[in-house]
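Please take a moment to look over the sequence and the model together before reading on. The explanation is meant to be followed with the structure in view.

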Amino acid sequence: MKVQLKAYKASEIQFVSNLENGTRVELGNKYSYNVNYAPNNVCRGEFTIEVADKEHPEKFGIKVVIVGIFEFEEGMEKEKIHVLSFKELFPYARALITTITANSGIQPIIIPPIDIESQNIYRFEKNN
């Protein structure tokens with residue numbers, strides 16, 4: 001079964017770096033990923049990642065929201081689409097965070113891989 005990324009964009013980027021030189025930080029990561037389905041085997045995935053200093057998030061933090069449009073094969077289970085679309089979109093978010101931090105003159109932040117297949121996936125159906 002196949003999920004194909006057709007397009008993506010960064011819909012939101014926030015970056016704050018107000019640390020004194022030599023300040024040590026302990027970073028924490030928060031993630032969320034949601035998929036909305038449209039007709040004709042198309043869906044929209046939205047991945048949000050926030051990385052911030054655990055003690056002083058107001059002094060150092062980055063938030064990136066990446067949106068992707070996907071096509072998937074007829075009859076695929078939504079949980080499988082969720083996992084495969086996440087795997088397609090995650091590298092773009094990861095690379096964007098590394099690029100932003102590297103180009104801001106600080107040590108680049110490299111987000112560790114996420115094993116989404118070992119995570120619980122919660123599905124909430126919305127009634128239109």
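The paragraphs below go from the overall fold to the core, the aromatic rings, a loop, a single strand residue and a pocket.

The structure shown here is a predicted model, and it is helpful to begin with its general plan. The protein contains one helix and four strands, and when these are read along the sequence they follow the pattern β-β-β-β-α. The C-alpha trace spans about 55 × 30 × 25 Å along its principal axes. Of the 128 residues of the protein, 30% count as buried. If one takes the contacts between residues at least 6 apart in sequence, 67% of them join residues that are at least 24 apart.

From this plan we can turn to the interior. In soluble globular proteins, nonpolar side chains tend to be buried together. The largest nonpolar core of this model has 26 residues, and among these Phe-47 and Ile-97 touch the most other members. The elements that give two or more residues to this core are strand E1 (3-17), strand E2, strand E3 (42-53), strand E4 (60-72) and helix H1 (78-103). The largest share, eight residues, comes from H1. What does Ile-97 touch, once residues up to four places away in sequence are not counted? Ile-97 touches Ile-49, Val-51 and Ile-62, and also Val-64, Ile-109 and Ile-111.

Phe-47, the other residue named for its many core neighbours, also leads us to the aromatic rings. A pair of aromatic rings is described by the distance of the centres and the angle of the planes. A search of the whole structure finds nine aromatic pairs. In one of them, the rings of Tyr-31 and Phe-47 have their centres 6.1 Å apart and their planes at 15°, so this pair is stacked. Because Tyr-31 lies in strand E2 and Phe-47 in strand E3, the pair ties together parts that are 16 residues apart in sequence. Are these two residues buried or partly exposed? Tyr-31 counts as partly exposed, since its relative accessibility is 34%, whereas Phe-47 is buried, with a relative accessible area of 1%.

Another aromatic pair is formed by Tyr-37 and Phe-72, and this one is edge-to-face, with 5.9 Å from centre to centre and 85° between the planes. Tyr-37 lies in strand E2 and Phe-72 in strand E4, so here the parts tied together are 35 residues apart in sequence. Tyr-37 is partly exposed, with a relative accessible area of 31%, while Phe-72, at 14% relative accessibility, counts as buried. Ring pairs also link Tyr-31, Tyr-33, Phe-47, Phe-86 and Phe-90 into a cluster, and in this way the stacked pair of Tyr-31 and Phe-47 can be seen as part of a wider group of rings.

We can now follow the chain from E2 into the loop between E2 and E3, where Asn-40 is placed and where Asn-41 is found as well. Asn-40 has a positive phi of about 65° although it is not a glycine, and the phi of Asn-41, also a residue other than glycine, has a positive value near 55°. Which of the two is exposed, and which is partly exposed? Asn-40 is exposed, because its relative accessible area of 71% is over the 50% that the term requires. Asn-41, with a relative accessible area of 21%, is partly exposed, because this value falls between the limit for buried, under 20%, and the limit for exposed.

Going back into strand E2 (residues 27-38), we come to Ser-32, which counts as partly exposed at 33% relative accessibility. Leaving aside neighbours within four places in sequence, Ser-32 is in contact with Glu-46, Phe-47 and Thr-48, and so Phe-47 appears here once more. The C-alpha atoms of Ser-32 and Asn-103, which are 71 residues apart along the chain, are separated by 25 Å.

The last stop is a pocket. Rolling a probe the size of a water molecule over the atoms shows where empty space is left. How much space lies in the second largest pocket? The second largest pocket holds about 320 Å³ of space. Its lining consists of 13 residues, of which Leu-19, Val-25, Phe-60, Ile-106 and Gln-107 lie nearest its centre. By type, the residues of this lining divide into seven nonpolar, five polar and one charged.

Technical notes. Residues numbered from 1 in each chain as written. Predicted model: local features only at pLDDT ≥ 70, side-chain atom pairs only at ≥ 80, totals over all residues. Heavy atoms only, no water. Buried < 20%, exposed > 50% of the residue type's maximum accessible area, 1.4 Å probe, protein only. Contact = heavy atoms within 4.5 Å. Core = buried A, V, L, I, M, F, W, Y, C linked by side-chain atoms within 4.5 Å. 1 Å grid on protein atoms, 1.4 Å probe; cavity = no way out; pocket = protein on both sides within 12 Å on 5 of 7 lines; lining within 4 Å. Points joined across faces, edges and corners; volume = space filled by probe spheres on them. Nonpolar A, V, L, I, M, F, W, Y, C, P; charged D, E, K, R; others polar. Phe/Tyr/Trp six-rings, centres within 6.5 Å; stacked < 30°, edge-to-face > 60°.
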